[in-house]
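Me: Could you zoom in on one part of this structure for me, and then walk me outward from there? I'd like one connected account rather than a list.

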Amino acid sequence: MTLPTIAEAARMIAAKQISPIAFAQDRLDRAAAHNPALHAFIRFTPELALAQARAAEARQMAGTLKGPLDGIPIAHKDIYETAGVPTTGHSRVLIDHVPAQDAAVVRAWAAAGTVTLGKLATHEFAWGGPSFDLPWPPARNPWNTAHFTGGSSSGTGAAVAAGLILGGTGSDTGGSIRGPASLCGIAGIKPTYGLCSRTGVLPLSQSLDTTGPMAWTVEDCALLLDAMTGHDPSDPSSANRPRPDLLSGLNGGVAGLRIGVIRHFHEDDTKVSPAMRAGIAHVGDTLKALGAEIREVTLPPLQDFNAAGWLILAADAFAVHETWLRTKFRAYGQILRERLAVSATISAADYLQAQRRRRELCDAVTAAMTHCDLLLTASQPGEAKPIDQLGTWASFEAPNFTIPFNLTGQPALSLCSGFGEGGLPVGAQLIGRPFEDATVLRAGHAYEQATGWRGMRPAMAG
Amino acid sequence: MAEPLDKPQFDALMQRAGIALTDAEAEGIRAASRYLVAAADRVRTPREVAIEMATTFAPQVRA
């Protein structure tokens with residue numbers, strides 16, 4: 001059987017063409033076979049998976065399926081708390097942590113019928129990696145296991161690209177969904193800040209943290225995101241507004257949409273690879289051919305967004321970890337403990353000036369988006385680097401393309417836009433206005449439907 | 001690129017944070033402080049004194 005997308009599998013399950021139990025067992029077997037090379041999973045939950053699959057199959061037989069996620073094999077990044085299943089943040093610091101309750105998103109996906117195969121690798125506490133001195137090794141890229149997956153949702157990127165799961169949870173504070181999505185050649189959306197609950201997800205920086213889905217296609221991300229949205233009073237960031245309709249307009253095309261290319265981000269502020277540059281042009285050209293209007297927009301320099309973003313992220317992360325740094329400093333891996341230690345040097349004034357700059361940057365982007373519906377730029381500088389070529393200070397050394405939209409809280413999607421000279425994928429980034437996640441998904445889906453990239457899987461996904 | 005924090009400043013901040021480092025670790029981390037010093041310089045653009053932070057919030061009554 002060719003590996004289906006979530007949308008395809010949902011139709012097959014509804015038509016009783018595949019058994020959720022057999023599907024779950026098949027994915028568990030494949031995951032167990034490939035994990036020694038990929039390290040995408042840090043823990044399997046076969047008993048839970050098969051219990052959920054049996055329940056899905058009972059609903060299938062009874063004609064009472066809950067919807068398109070019923071019986072779909074997924075897994076959760078190991079910063080999402082799971083009742084009775086250890087949730088470690090991929091860290092020795094929480095090696096014995098067994099939550100009593102599921103995170104809100106875990107609960108929501110389970111209620112939609114998903115089948116949880118296990119817990120996925122992450123950079124330590126969503127910031128420290130790729131690290132080789134943690135209780136589990138770092139995940140590796142299915143397109144070439146000598147290469148990096150991106151992070152921090154590294155296991156989700158690897159497992160989805162390899163076809164071990166059909167979708168999974170990520171989290172995104174400075175690019176942790178969009179980075180691995182780009183480098184692993186999948187789709188991943190950082191939803192609007194406040195759209196999805198973060199309750200039960202280990203924090204990194206509360207004013208930037210966002211939960212979101214990762215999957216092979218944009219359509220699958222829409223299906224997964226649809227089951228994540230909704231106001232959650234237990235999360236102070238959760239927006240008290242009606243759930244958006246992410247699905248009915250997904251095939252609506254892009255005719256009339258105005259797309260602003262932030263050319264200076266990826267051509268002047270920092271350089272991207274030729275393949276990434278070609279991929280961005282391909283997205284623009286394709287959407288133009290489908291009826292969108294392409295224009296150029298100018299924002300403040302990428303470095304300004306990164307300066308404010310990293311000061312805020314680092315200071316917030318230090319505050320989250322301050323107590324453990326005093327008591328368990330050597331339990332952290334080298335990369336994270338050193339990043340957190342340097343974060344202790346940020347003054348209150350530095351932090352608050354960064355928050356003032358953030359407001360100015362938000363205003364600048366809002367003004368630019370009065371003239372366009374979406375923005376387009378790179379998601380990463382290029383293809384994934386070899387996994388042993390990333391240093392402790394990589395986050396600070398070069399500006400990234402993703403943290404600007406954590407600062408502004410906008411929805412931002414990474415989607416595969418081609419392949420580089422090394423045979424690894426590259427991904428472009430589409431950004432929408434706050435709470436217009438549906439528009440971002442609609443444009444991304446239109447691009448995927450018009451191109452052939454989704455027909456190319458890593459060899460191990462066959 | 002900005003200069004890193006000087007050693008007395010850096011050592012005082014690590015002591016305040018309760019973080020005990022070897023000399024080699026301290027030098028490596030102190031050298032990296034230049035990235036945050038540069039970021040702190042960059043966010044200090046000229047602005048009106050009354051410009052608000054992004055975290056300013058409006059009190060709301062919970063339903």
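Reply: Sure. One cut-off first: a residue counts as exposed if 12 or fewer other C-beta atoms lie within 10 Å of its own. Bear in mind that this is a predicted model.

Let's start with Asp133(A), which sits in the loop running between β3 (115-120) and α5 (154-161) of chain A. Asp133(A) has 12 C-beta neighbours inside 10 Å, so it counts as exposed. If you skip the neighbours within four places in sequence, Asp133(A) is in contact with Gly333(A) and Gln334(A). As for Ser153(A), 20 residues away from Asp133(A) in sequence, the C-alpha to C-alpha separation is 18 Å.

Gln334(A) leads us on to the chain A–chain B contact, as α11 (334-343) of chain A supplies at least two residues to the side that touches chain B, and so does each of α10 (302-327) and α12 (348-368). The biggest giver on that side is α12(A), with 11 residues. Overall, 30 residues of chain A and 28 residues of chain B take part. On the chain A side, the split by class is 16 nonpolar, 5 polar and 9 charged residues.

Elsewhere in chain A, there's a helix pair to look at: α9 (residues 274-289) packs against α15 (residues 437-450) at about 95°, the axes being 10 Å apart. That angle is why α9(A) is described as roughly perpendicular to α15(A). From α9(A), the contact uses Val283(A), Thr286(A) and Leu287(A), while α15(A) brings Ala443(A), Ala446(A), Tyr447(A) and Ala450(A). By class, this contact has 6 nonpolar residues, 1 polar residue and no charged ones.

Key:
Residues are numbered from 1 along each chain as its sequence is written. Chains are lettered from A and ligands numbered from 1 in the order in which they are written. This is a predicted model: local features need pLDDT of at least 70, side-chain atom pairs count only at pLDDT 80 or more; totals for chains, interfaces and linings use all residues. Axes are lines fitted to C-alpha atoms, for helices over the stretch in contact, and angles run from 0 to 180 degrees between N-to-C directions. Helices (H or I, at least four residues) and strands (E, at least two) are DSSP runs, numbered from the N terminus. Angles under 35 degrees count as roughly parallel, over 145 as roughly antiparallel, 65 to 115 as roughly perpendicular and the rest as oblique. Two residues are in contact if their C-beta atoms, placed from the backbone, lie within 7 Å. Ala, Val, Leu, Ile, Met, Phe, Trp, Tyr, Cys and Pro count as nonpolar, Asp, Glu, Lys and Arg as charged, and the others, Gly among them, as polar. A residue is buried if 20 or more other C-beta atoms lie within 10 Å of its own, exposed if 12 or fewer, and partly exposed in between; C-beta atoms are placed from the backbone.
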